[in-house]
Amino acid sequence: MADTMENLKEAFAGESQANQRYHGFAKKAEDDGLTMVARLFRAAAAAETVHAQNHLDVMGTVGETAANLEAAMAGEAEEFESMYPAFIATAEEDGNDDAAGTFDLAMQVEQIHYQLYSKALEAVEKGEDLRERKMFVCRGCGNTVEDEAPDKCPICGAPKSWFMHIE
Ligand SMILES: [Fe+2]
Ligand SMILES: [Fe+2]
């Protein structure tokens, strides 16, 4: 049983990573004019998401929404308080500015996620949903914004057109 739980975790991590890798491969195929190869990568990526979600169901790590928000906040806090600061320091020592940059953008956005989740938890604890709002995500840095996309991303400087509307 212990082994199977470890295997589920490993399979979940592997499928999740394959999903993202395939989206990266699809973008490259699209840039190369290989539209149908890009579509195949996106289809396989969607299938890996199905696998990852199925594994997650069996692992039983999805709880009630209030507990899920708390778990999400703990994960975000760990990333921006501990993981990313350490990773940035190492990247700077290594002189890898690109790595330090991508870690820094993510670290800033994880703090925003933490705040958004914390407001959501307050609402859920009162037995409410969040008030109705639009949500936007910056394609440059992942900045996550309520109501309206800014003219310029305050985190990465991307223009308004880089923000995708999330349903
Ligand atoms: Fe996050
Ligand atoms: Fe951004």
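1. Helix α4 is a good place to start: F103, V109, E110 and Y117 are its buried residues. Buried here means 20 or more other C-beta atoms within 10 Å of a residue's own, exposed means 12 or fewer, and partly exposed is in between, with C-beta atoms placed from the backbone. Those buried residues of α4 pack against α3 and β2. Contact means that the C-beta atoms of two residues, placed from the backbone, lie within 7 Å.

2. A word on what we are looking at: this is a predicted model, in which local features need pLDDT of at least 70 and side-chain atom pairs count only at pLDDT 80 or more, while totals for chains, interfaces and linings use all residues. Residues are numbered from 1 along each chain as its sequence is written, and chains are lettered from A, with ligands numbered from 1, in the order in which they are written.

3. Now the overall layout. The protein has four helices and three strands, and from the N terminus the order reads α-α-α-α-β-β-β. Both kinds of element are DSSP runs numbered from the N terminus: helices are H or I over at least four residues, strands E over at least two. Along the principal axes, the C-alpha atoms fill a box of roughly 50 × 50 × 40 Å. Of the 167 residues, 13% are buried. Among contacts with a separation of 6 or more, 53% link residues 24 or more positions apart.

4. Do the lengths of the helices make sense? For α4 (residues 97–125), 29 residues at 1.5 Å each should span 42 Å, and the end C-alpha atoms are indeed 42 Å apart. Helix α1 (residues 2–31) agrees too: its 30 residues should span 44 Å, and its end C-alpha atoms are 44 Å apart. The expected span is 1.5 Å times one less than the number of residues. Each of these helices is followed by a glycine with positive phi: G33, just after α1, is at about 80°, and G127, after α4, is near 80°.

5. On to the sheet. The three strands make an open sheet in the order β2-β1-β3, with antiparallel pairing. The edge strands, each pairing on one side only, are β2 and β3. From one strand to the next the twist averages 30°, using axes that are lines fitted to C-alpha atoms (for helices over the stretch in contact) and angles from 0 to 180 degrees between N-to-C directions. Two strands count as paired if DSSP finds at least two bridges between them.

6. The register can be checked residue by residue. Strands β1 (residues 135–138) and β2 (residues 144–146) are joined by three bridges, with M135 opposite E146. On the other side, four bridges join β1 to β3 (residues 163–166); there F136 stands opposite H165 and V137 has M164 as its bridge partner.

7. Two backbone spots deserve a look. The hairpin of β1 and β2 has five residues between the strands, and G142 in it has a positive phi near 85°. D147 is not a glycine, yet its phi is also positive, near 75°. D147 sits in the loop between β2 and β3 and counts as exposed because it has 10 C-beta neighbours inside 10 Å.

8. Where is the largest nonpolar core? Its eight residues are V109, C138, C141, V145, A149, C153, I155 and F163. Such a core is a set of buried Ala, Val, Leu, Ile, Met, Phe, Trp, Tyr and Cys residues joined through C-beta atoms within 7 Å. Beyond its neighbours within four places in sequence, C138 is in contact with N143, C153, I155, C156, A158, W162 and F163.

9. Back to the helices for M73, which lies in α3 (residues 65–93). M73 is partly exposed, because it has 18 other C-beta atoms within 10 Å. Leaving out neighbours within four places in sequence, M73 contacts Y114, Y117 and S118. M73 and G24 are 49 residues apart in sequence, with their C-alpha atoms 27 Å apart.

10. Last, V62, in the loop between α2 (35–59) and α3. V62 counts as exposed because it has 12 C-beta neighbours inside 10 Å. Not counting residues up to four places away in sequence, V62 touches L56 and N68. From V62 to F136 is 74 residues in sequence and 25 Å in space, C-alpha to C-alpha.
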